[in-house]
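User: Please take a close look at the contact between the two domains of this protein chain. I should like the definitions behind each value to be stated.

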Amino acid sequence: MRPSPTGAGTVWPLSQTSPPTLRIPLVDLQPELDALGDELVTVVSAVLRSGRYILGPNVQAFEEEAAAYIGCAHAVGVNSGTDALAIALRALGLGSGDEVITTPFSFVATAEAIVMAGARPIFADIDAVTLNIDPASVEARLSPRTRAIIPVHLFGTPAPVEELMALAQPRGIAVIEDAAQAFGAEVGGRKVGGFGQAGAFSFFPSKPLGGCGDGGMVTTNDADVAAAVRRLRAHGAARKHHSEVVGCNSRLDELQAAVLRLKLHHVDESARRRRALAARYNGRLEGTPGIVVPRPAPGAVFHLYTVRVLNGRRDGVAAALQAGGIASAVHYPVPIHRLGPYGDRGATLPEAERASTEVLSLPLWAAMPPQVVDEVASVVLKALGRSAGLPGGRR
Ligand SMILES: *Cc1c(COP(=O)(O)O)cnc(C)c1O
């Protein structure tokens with residue numbers, strides 16, 4: 001199978017094709033790991049020597065440290081972000097016959113987790129500016145079967161959680177934040193993942209807080225929900241061999257927890273760097289006709305830097321980048337309601353559909369040299385027929 005030009009450098013777990021080697025990748029995680037130096041080796045070898053590999057002292061300490069960082073009462077480590085969502089839904093009592101309203105403009109795992117929990121995803125449209133779920137569209141899709149809303153803090157930009165809570169709470173509907181791309185992102189000084197009845201995080205390596213393998217976490221302020229998540233992640237048993245419900249095996253392991261504890265100390269600095277690089281990209285690209293840059297949001301952590309390229313020129317820009325040895329990727333080329341297993345083909349979600357034809361993620365990682373921004377931006381401007389030196393007109 002040939003990698004698609006715009007899929008180059010993609011870091012999603014399902015990518016089975018090795019991307020072509022490009023001079024500038026979409027993400028480079030190596031420098032951050034290198035910066036941890038001996039500390040990383042020390043904590044990893046301590047775990048290896050301890051003989052405790054699953055749900056041990058590092059997981060417990062990480063759960064406490066992560067809850068304190070997010071500012072919520074409980075954090076429970078699980079196997080992945082996908083499991084965090086599915087287990088949170090089940091812990092809140094959702095299942096067969098229940099409808100969960102979510103965004104079609106996300107990684108497929110958001111909808112997949114809803115189906116894994118036995119519920120049915122209902123897709124609302126997105127806001128044209130933020131690309132996050134649009135509360136007005138959510139409201140239009142409420143039904144007597146709506147039991148939960150899952151907003152995604154897409155690309156690390158907070159979704160309108162407060163508006164969604166105001167919509168959901170009086171109706172007894174739960175809000176579960178898909179914060180897989182947004183560890184550390186804030187709304188009004190409060191971290192995402194602490195607003196809804198539950199939050200779900202992914203520690204997939206390229207996420208804002210990434211491990212050296214798979215991992216995830218559920219956050220909540222409700223002790224009963226936390227206890228239910230702990231039970232579900234360990235075969236439905238609060239006490240080993242005494243299963244009360246059918247659960248699953250979804251535990252965070254000690255090696256990941258040890259790495260995550262270490263990286264938690266650097267997560268703010270890494271977000272600060274990505275924000276600064278995103279601001280530099282905006283400075284280079286903003287105001288150029290045919291391109292829309294992300295609106296600066298003070299609480300965003302820029303998991304990805306994603307622009308919109310208008311007038312059908314997205315794939316041309318991606319090809320020009322690839323010709324220059326620069327990776328780019330499309331997040332996401334098919335909105336979830338257009339994917340076979342989640343098909344809601346009757347639904348018209350014009351903003352999500354339009355976004356999927358225009359979005360392009362450009363290289364961004366915390367340790368990326370600022371000159372890379374300038375180089376990438378100049379290739380983009382050239383592909384759009386603008387010389388890099390000319391300032392673009394503002395709209
Ligand atoms: C990565 C991701 C997930 C799934 O997380 P995994 O750890 O890969 O299972 C869910 N939702 C969103 C928005 C994601 O980006």
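Analyst: The following account concerns the two domains and the contact between them. The model is predicted, so local features need pLDDT of at least 70 and side-chain atom pairs count only at pLDDT 80 or more, whereas totals for chains, interfaces and linings use all residues. Residues are numbered from 1 along each chain as its sequence is written, and side-chain values use heavy atoms, with hydrogens and water left out.

The domain assignment, which is automatic or from a database, divides the chain into domain 1 (10-28 + 266-393) and domain 2 (39-264). To their contact (heavy atoms within 4.5 Å), domain 1 contributes 33 residues and domain 2 contributes 37 residues. The C-alpha centres of the two domains are 25 Å apart.

Between them, domain 1 and domain 2 bury about 3,100 Å², with 68% of this on carbon and sulfur atoms; buried area is the accessible area (1.4 Å probe) that two parts lose on being put together, summed over both. There are zero salt bridges between domain 1 and domain 2, a salt bridge being a side-chain nitrogen of Lys or Arg within 4 Å of a carboxyl oxygen of Asp or Glu.

On the side of domain 1 that touches domain 2, the elements giving two or more residues are helix H9 (267-285), strand E11 (305-309) and helix H11 (350-358). Helices (H or I, at least four residues) and strands (E, at least two) are DSSP runs, numbered from the N terminus. H11 gives the most to this side of domain 1, with five residues.
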